[in-house]
Amino acid sequence: MNPYLPHTAEDVRAMLDAMGIPDVEALFSDIPAAVRERYRPVGLPPRDELAVQRRLIGLAEDSTGRRLIPFLGGGLYDHYIPPVVGHVLSRSELSTAYTPYQAELSQGTLTWMFEYQTMICELTGMEVANASMYDGATALAEAVLMAHRTTGGKVVLVPRSLLPHLRAVLATYAWGAGLSLHEVPYGEDGRLALGRVPDGTCALVVSQPNGFGILEDLTGLKDCLGRAFLIAYANPIPLAVVEPPGSFGADVVVGEGQPLGNPVSFGGPLLGFLATRMAYLRRMPGRVSGRTQDREGKAGYVMTFQTREQHIRREGATSNICTNSALCALAATVYLAALGPAGLRRVALLAYERAHALADRIAALPGYGMEFSGPFFHEFAVRCVDPHGAVAKLRRAGIAVLPPSFLHPLGIEDGLLVAVTEKRTEEELDRFVAALEG
Amino acid sequence: MSTIYDHGAPGRRAVALPELGQAEEELLARFPPSLRRREGPRLPEVSQPELVRHYTALSRMNYGVDTGFYPLGSCTMKHNPKLHEDLARHPGFTELHPLLPAEECQGALALLWEMGECLKGIAGMPGITLQPAAGAHGELTGMLLLKRWLEDRGELGVRTKILLPDSAHGTNPASAAMAGFSVVSLPSDRRGMVDLAALEGALGPDVAGIMLTVPNTLGIFEEDILTITQLVHEAGGLCYFDGANLNAYLGRARPGDMGADVFHINLHKTFSTPHGGGGPGAGPVTVSEALLPYLPVPDIVREDGKYRLVWDRPKSIGRVHPYFGNTLVIAKALAYILTLGDEGLREASAGAVLAANYLKAKLKGTYRVPYDRLAKHEFVLSGEGLGDGVRTLDIAKRLMDYGFHPPTVYFPLIVKEALMIEPTETEPREVLDAFAEAMLRIAAEARDHPELLRDAPHTTPVRRLDEARAVREPWLRLGGGCVG
């Protein structure tokens, strides 16, 4: 039985009679009989709400990882989410709406999209932002496609220090578009060591901070690139206090917006943000909300520059994206509004302060040190003799760090990546250090 | 219309955060000078009540499924069950980091695996990836799978074309182009279905495959579907099925039985997850035997009651998502499938198709139905010829005055002044009747008082908006280097 079906037997009869159709099955006579005969059910009984609740809660509780203290990063971070965010998101006029095709009934969605675009521009130092992409990885891939379409180049320079799963998604998209990835090494400080830029380069990707948590110096990079794009993949939290890529001539700034008011959610849904210069507005993928006026001169918002998009331009569109990550973008908007400039700076600096306190203490332990000398923000690579042993010790203390294999694709065999947010307490830092000492 | 920036005052805040151990300046002094931000981001400074009231005010200027009838064709705006929202918010899902080892994530992996099994069963196809984050993302994944298949057979660069009916969603050609294919449009015949003669004429050694929407965007089931897929297969191509319209035959037919090689499923349509004002959704993709080796990694397998990740797929296209896909959306959709079971799924499509045909019958004497056949879950009317200069856009805007969200308009492109109506199964008969009544009254108004339509909407927070101005004078953010 389908509990979400309001039609009573009388309703069904009346509706069929109104059409002069004998029964519901007759409504499916246009599906070829051979197809209907081949149909086999999945084998699923119906369940009541209580049974479904038990099943799903059982699954949620089956993951032991949720009870560990997370010093986990690698692109997704355990930041504090003020409850006000969830309460706004549960306003179902916002959460159960579709894409705002009909502007007059969607001023709520279109207004917060406009606010979100403003905030992303402010954080990144860019001129225009879209209303979201699926996640940071696909936002990065789409930025590269944008660079390719603009410059015609087919070579993408990708740092070896890029997070491995970002590179993996980028590689898939690049292969689809006939582009090749060239690796840019890192130096002893863990920072990008850009050499000669090959002919036919469409973009240099730089991650701020990079996959080791190290802050890159973007000074002068754009000048080495000629026509090629400088694409920055940025974590939005450090941007509260770190000079944004827009100040260094970045053509596109993308990133994972999860740290802004969204939980890690076992990797999805996430929030890709993408910002660029007005000169590239017509090459940008995704939805954009713009302010205009109604017939009476009253300010209002519409989805605009839609001629870039698939539903108008079809195979000539700047991207195929349609559904995006709107509700996660709303979470980011409310989060940033709740914190304000001082709150965001506080979150960033708390993470910075605690990460550095922990790093100093770990580096002082015998057998441990820092992998790199470069400046880091709230995540860092620790060098140790026995990373697997260290992970096991931490696990016994109820602490989770990323498995050592995470750094292998980045060329680090003997390291651990440790992330610290404002949620980690003094006591948890003590416990971390004590576990390694034990 | 105020934005959050119009509220508050310097120094206000909505959250109490922990104190720093050192002074801000001391910490900032540790930064290399080239990295230290010179001018902070301009963000709102508001108190919590201001914040809550602003977003509550915005919500009241919005229309969702929870507000009322939302017959947006091809979008399947059915009710979003509330149980699912609570379940997906469980910290066992939301606070679980995807990079933890598989043994620490057994519950989440079980959830994904179970969803995979359900969707494979529903599609009647042997392989799946849950990675795609939306329908169009699933399409791109499918096109990349085709590309890898061609590469593996040494036909890449030979088979370069994707055939597309002229009624296809815009995402289809855009996705094919992103994977490097060129697109050939196939005309629809007088029935509104794929023109078989045109299909045969287009097929050849340069064709990689076809992308079909079943039922198509006219809401009509492709009655020749078996012939179509057979012809494409015989010509050496593969068949992509766009699953946006799965709600039409859920629980009674399977793409795998129709010759589909790739099929994407929009969980935010057919499987009831809310659309969030534009997203997030989820677009899992099922595949036939031919494409199994190319699916994205990692695969989730179950052995002896344990779940593990398998990376060893040398022919895989790689990752299309940085992790496993939109887990929370998948959790809601799984709750829906488990609640309904096979019988409930079958009832969903029955209710959806019944509602669509019922509405069509009520409207077709007044509105033109360009392709008048048995409808599936949706149907397409034309707004042409209703009254003096009245257009479909006017009908859509006037519907707002009657308290309804308009249908999809001006799509599919093959119908002039199209109105694409998808009522879904979750609307009571009284709502369908009220909507039909409004549509009939609007048709009468178009004849007698066309200005009522041309000036509509009258009751919304804003009147009709000037879209041309939005492009002419782009105002896409507050402050900064743009206008405003």
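This report walks through a predicted model of two chains, A and B, from overall confidence down to a single residue.

**Confidence and overall build**

The model scores ipTM 0.98 and pTM 0.98. For chain B, the mean pLDDT is 96, with 99% of residues at 70 or more. Turning to chain A, you will find 12 helices and 14 strands there. Its C-alpha trace spans about 85 × 50 × 50 Å along the principal axes of chain A. Of the 438 residues in chain A, 61% count as buried. Among contacts in chain A that join residues at least 6 apart in sequence, 73% link residues at least 24 apart.

**Two sheets in chain A**

Let us take the seven-stranded sheet of chain A to begin with. This open sheet has mixed pairing and the strand order S2-S8-S7-S6-S5-S3-S4. Its edges are strand S2 (128-129) and strand S4 (180-184), each of which pairs on one side only. At the S2 edge, S2(A) and strand S8 (residues 272-276) run antiparallel and share two bridges; A:Ala129 has A:Ala275 as its bridge partner in S8(A).

The other sheet is an open one of three strands in chain A, ordered S11-S12-S14 with antiparallel pairing. Strand S11 (368-370) and strand S14 (415-419) of chain A form its edges, and the twist averages 35° from one strand to the next. Three antiparallel bridges join S11(A) to strand S12 (residues 379-384), and A:Tyr368 stands opposite A:Cys384 in S12(A).

Helices pack against these strands, as the table shows.

| Helix of chain A | Strands of chain A touched | Angle |
|---|---|---|
| H7 (residues 136-151) | S3, S5, S6, S7 and S8 | about 160° with S7(A) |
| H8 (residues 164-177) | S3, S4 and S6 | about 150° to S4(A) |
| H11 (residues 387-396) | S12 and S14 | about 35° with S14(A) |

**The nonpolar core**

In soluble globular proteins, nonpolar side chains tend to be buried together. Here the largest nonpolar core holds 307 residues, and those touching the most other members are A:Leu140, A:Val144, A:Ala203, A:Val205, A:Ile231 and B:Ile330. Helix H10 (residues 326-363) of chain A supplies the largest share of this core, 24 residues. What does A:Leu140 touch, beyond its neighbours within four places in sequence? Its contacts are A:Leu166, A:Leu170, A:Val205, A:Tyr233 and A:Val254.

**Where the chains meet**

Between the chains, 175 residues of chain B are in contact with 165 residues of chain A. On the chain B side, helix H10 (residues 327-363) gives the largest share, 22 residues. By type, the residues on that side of chain B divide into 96 nonpolar, 49 polar and 30 charged.

**A closer look at B:Thr217**

B:Thr217 sits in the loop of chain B between strand S4 (207-213) and helix H9 (225-234). Is B:Thr217 buried or exposed? It counts as buried, because 28 C-beta neighbours lie inside 10 Å and the cut-off for buried is 20 or more. Leaving out residues up to four places away in sequence, B:Thr217 touches B:Ser74, B:Ser167, B:His169, B:Phe411 and B:Pro412. B:Thr424 is 207 residues from B:Thr217 in sequence, while their C-alpha atoms are 15 Å apart in space.

Definitions and conventions. Residues numbered from 1 in each chain as written. Chains lettered and ligands numbered in written order. Predicted model: local features only at pLDDT ≥ 70, side-chain atom pairs only at ≥ 80, totals over all residues. Helix = DSSP H or I, 4+ residues; strand = E, 2+ residues; numbered from the N terminus. Buried ≥ 20, exposed ≤ 12 C-beta atoms within 10 Å, placed from the backbone. Contact = placed C-beta atoms within 7 Å. Nonpolar A, V, L, I, M, F, W, Y, C, P; charged D, E, K, R; others polar. pLDDT = per-residue confidence, 0-100. Pairing = 2+ DSSP bridges. Axes fitted to C-alpha atoms, helices over the stretch in contact; angles between N-to-C directions. Core = buried A, V, L, I, M, F, W, Y, C linked by C-beta atoms within 7 Å.
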